[in-house]
Amino acid sequence: GLYPQTIKEEDVKILSFKDGYYLGSDNEYYVLSKAKPFGKYFFSNQLEIEADKEYYFKVEPIKWKVLEVQGDLAFLFSESILDHHNFDSLSNDYDKSSIRKWLNNEFFLKAFSEEEKRIIQTTNVDNSYTSVNDIYNPHVCSNTKDKIFLLSAKEITNQAYGYSTSINGDYARRKKNSDYAKANYAYEDKDNGYGCYWLRSACSSNKAARIFSYGNYEHFYASSDCIGIAPCMWVKFK
């Protein structure tokens, strides 16, 4: 998959526009986006992000971590925070959430080629009590069938995936924002440079689970717009 990520280098010139993308003098494709940073942030090239200023971002391959392999299938998890979105403006029901719709429509259509879409599997996504590690959680929702989804509380505490079973800080769960995400309102911790991202697990009234910048699992308001997105999916090897 491809997604806007890194700020354009200053010596790269934009040459033309076609099919929604700009072609740079480095023969790479770019998108143009007006910055709306959450705070006083800096791009990876140390340039301060100016609100309401337009920047070009290179469209680059998404880097994936392989969490699991089953036969000819692989479970992939984005290594960085690619964008931001609220969980939902009204509720924390993942089945009906706006973040689920965004992942399986706008993101899926934008990020993947037709060939890639064919190998991305429709997954029976577990949203049960087991998935949230809490048999008394009253906020679980129906299971879903999705191409792209978010990790659950159970998956992000799975030792087999390289994560701590504790909800406390875990370096392996930390993720950094892409330049594109950071310029588009994704939160970044100024002390350690890491962002935070949603899980699909509802956890309390009007709140869903997220991984904070220290790799800790916590609850946060579902309507918050500054939380990042790190998608996952099952794909079939060619």
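**View 1. Phe77 and Cys232 in the three-stranded sheet.** In this predicted model, Phe77 stands opposite Cys232 in strand 15, where helices (H or I, at least four residues) and strands (E, at least two) are DSSP runs numbered from the N terminus. Strand 7 (residues 73-78) and strand 15 run antiparallel and are joined by five bridges, two strands being counted as paired if DSSP finds at least two bridges between them. The open sheet to which they belong has three strands in the order 6-7-15, with antiparallel pairing; its edge strands, strand 6 (64-70) and strand 15 (232-236), each pair on one side only. Neighbouring strands of this sheet are turned by 25° against each other on average, direction ignored, with axes taken as lines fitted to C-alpha atoms, for helices over the stretch in contact, and angles running from 0 to 180 degrees between N-to-C directions. Cys232 is buried, with a relative accessible area of 0%, given that buried means under 20% relative accessible area, exposed over 50% and partly exposed in between (1.4 Å probe, protein chains only).

Residues are numbered from 1 along each chain as its sequence is written, and side-chain values use heavy atoms, with hydrogens and water left out. In this predicted model, local features need pLDDT of at least 70 and side-chain atom pairs count only at pLDDT 80 or more, whereas totals for chains, interfaces and linings use all residues.

**View 2. Cysteines without a disulfide.** The structure holds zero disulfides, a disulfide being a pair of cysteine sulfur atoms within 2.5 Å. Cys226 is in no disulfide, and the nearest cysteine sulfur, that of Cys196, is 5.8 Å away. Cys226 counts as buried, at 9% relative accessibility.

**View 3. The five-stranded sheet and helix 1.** A second view shows an open sheet of five strands in the order 1-5-4-3-2, with antiparallel pairing, in which strand 1 and strand 2 (14-18) are the edge strands, each pairing on one side only. From one strand to the next, the twist averages 45°. Four bridges pair strand 2 with strand 3 (residues 21-24) in the antiparallel sense, and Lys18 stands opposite Tyr21 in strand 3. Helix 1 lies across strand 1 and strand 3, running at about 75° to strand 1. Among the buried residues of helix 1 (residues 98-111) are Trp102, Phe107 and Phe108, and what covers the buried residues of this helix includes strand 1 (2-7), helix 2 (114-119) and strand 11 (197-204), contact meaning heavy atoms within 4.5 Å.

**View 4. Aromatic rings and lysines over ring faces.** Rings of Phe, Tyr and Trp (its six-membered ring) pair if their centres lie within 6.5 Å, with planes under 30 degrees apart counted as stacked, over 60 as edge-to-face and the rest as tilted; by this rule the count comes to 23 aromatic pairs. One of these, formed by Phe17 and Tyr22, is tilted, at 4.6 Å centre to centre and with 55° between the planes. One aromatic cluster is formed by Tyr3, Phe43, Tyr55, Phe57, Trp102, Phe107, Phe108, Phe112 and Tyr180. A charge sits over a ring if NZ of Lys or CZ of Arg is within 6 Å of the ring centre and within 35 degrees of the ring normal; Lys117 lies over the face of Phe108, at 5.8 Å from the ring centre, and Lys207 over the face of Tyr221, at 4.7 Å from the ring centre.

**View 5. Asn184 in its loop.** Asn184 lies in the loop between helix 3 (179-183) and strand 11 and is buried, with a relative accessible area of 13%. Not counting residues up to four places away in sequence, Asn184 touches Ser33, Lys34, Lys36 and His84.
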